[in-house]
Amino acid sequence: MIRAAKQGEGHILMQIHEKSIRGLCTKEYSPAQLDIWSSGSVEGYEKLIANCPLCLVDEDDGQLTGFVALRRNRSIWQLYVLPEHARKGVGKALLGKAEQYLSSQGDTRAVAEASLTAIGFYKRCGYTVVSQSKVVFGSVELDVVLVEKPLGKV
Ligand SMILES: CC(C)(COP(=O)(O)OP(=O)(O)OC[C@H]1O[C@@H](n2cnc3c(N)ncnc32)[C@H](O)[C@@H]1OP(=O)(O)O)[C@@H](O)C(=O)NCCC(=O)NCCS
């Protein structure tokens, strides 16, 4: 079941974020990159739940298995699935709900910052690569890719 994240679930989102990166992104990123990317705080995630335009979770039998969050400009920012729940359609379902929300707001395209790990997933979901980019965490840089997809009207 996909639903809005609730205040008080920040610690669970933080755990999903860390486990997803450490479990799924080791081929594309170095240990130093994984360390800095996977770090986060409960407070930071509580703020994200309170302030971002949309933060959805997938709940399966009482357990949160993944989440998606949009930036203030409504680009798709964080999309993470627990390794043991990967490749079962959770990411696609979360992304689909985020796209529905964007369409409902009148957006004609969805834009996402994709990790190198997630490029194949985004392509499979109808996105095309627009440009290469970097995310900078202090002295550590991570290569990412900007992807986009036209959205139909709702
Ligand atoms: C990227 C991610 C969100 C995908 O979630 P998921 O639940 O595993 O993906 P799904 O099962 O919904 O896959 C949807 C489709 O994409 C395909 N797919 C998923 N991961 C893929 C990959 N790495 N390469 C190619 N195709 C992929 C699936 O086979 C599926 O195809 P189908 O519709 O033909 O069956 C997940 O792997 C993840 O959390 N990765 C680590 C964190 C990350 O990089 N997040 C994204 C950027 S911040």
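Among the contacts of this predicted model that link residues at least 6 apart in sequence, 60% join residues at least 24 apart in the chain. The chain that makes these contacts has 5 helices and 7 strands, and read along the sequence they follow the pattern β-α-α-α-β-β-β-α-β-α-β-β. The radius of gyration is 15 Å, close to the 15 Å that the globule rule gives for 154 residues, so the chain is as compact as a globular protein of that length. Of the 154 residues, 30% count as buried.

The table gathers values for the chain as a whole.

| Property of the chain | Value |
|---|---|
| Radius of gyration | 15 Å |
| Span of the C-alpha trace along its principal axes | about 40 × 35 × 30 Å |
| Residues that count as buried | 30% of 154 residues |

A single residue, Ile-36, can be followed through the model in more detail. Ile-36 lies in helix α2, which covers residues 31-38. Is Ile-36 buried or exposed? Ile-36 has 19 C-beta neighbours inside 10 Å, and because a residue needs 20 or more to be buried, Ile-36 counts as partly exposed.

Which residues does Ile-36 touch once its neighbours within four places in sequence are left aside? With those neighbours set aside, Ile-36 is in contact with Phe-137 and with Val-140. Leu-142 is 106 residues apart from Ile-36 along the chain, and the C-alpha atoms of Ile-36 and Leu-142 are separated by 9.6 Å.

Notes:
Residues are numbered from 1 along each chain as its sequence is written. This is a predicted model: local features need pLDDT of at least 70, side-chain atom pairs count only at pLDDT 80 or more; totals for chains, interfaces and linings use all residues. Helices (H or I, at least four residues) and strands (E, at least two) are DSSP runs, numbered from the N terminus. The radius of gyration is taken over C-alpha atoms; the globule rule is 2.2 Å times the number of residues to the power 0.38. A residue is buried if 20 or more other C-beta atoms lie within 10 Å of its own, exposed if 12 or fewer, and partly exposed in between; C-beta atoms are placed from the backbone. Two residues are in contact if their C-beta atoms, placed from the backbone, lie within 7 Å.
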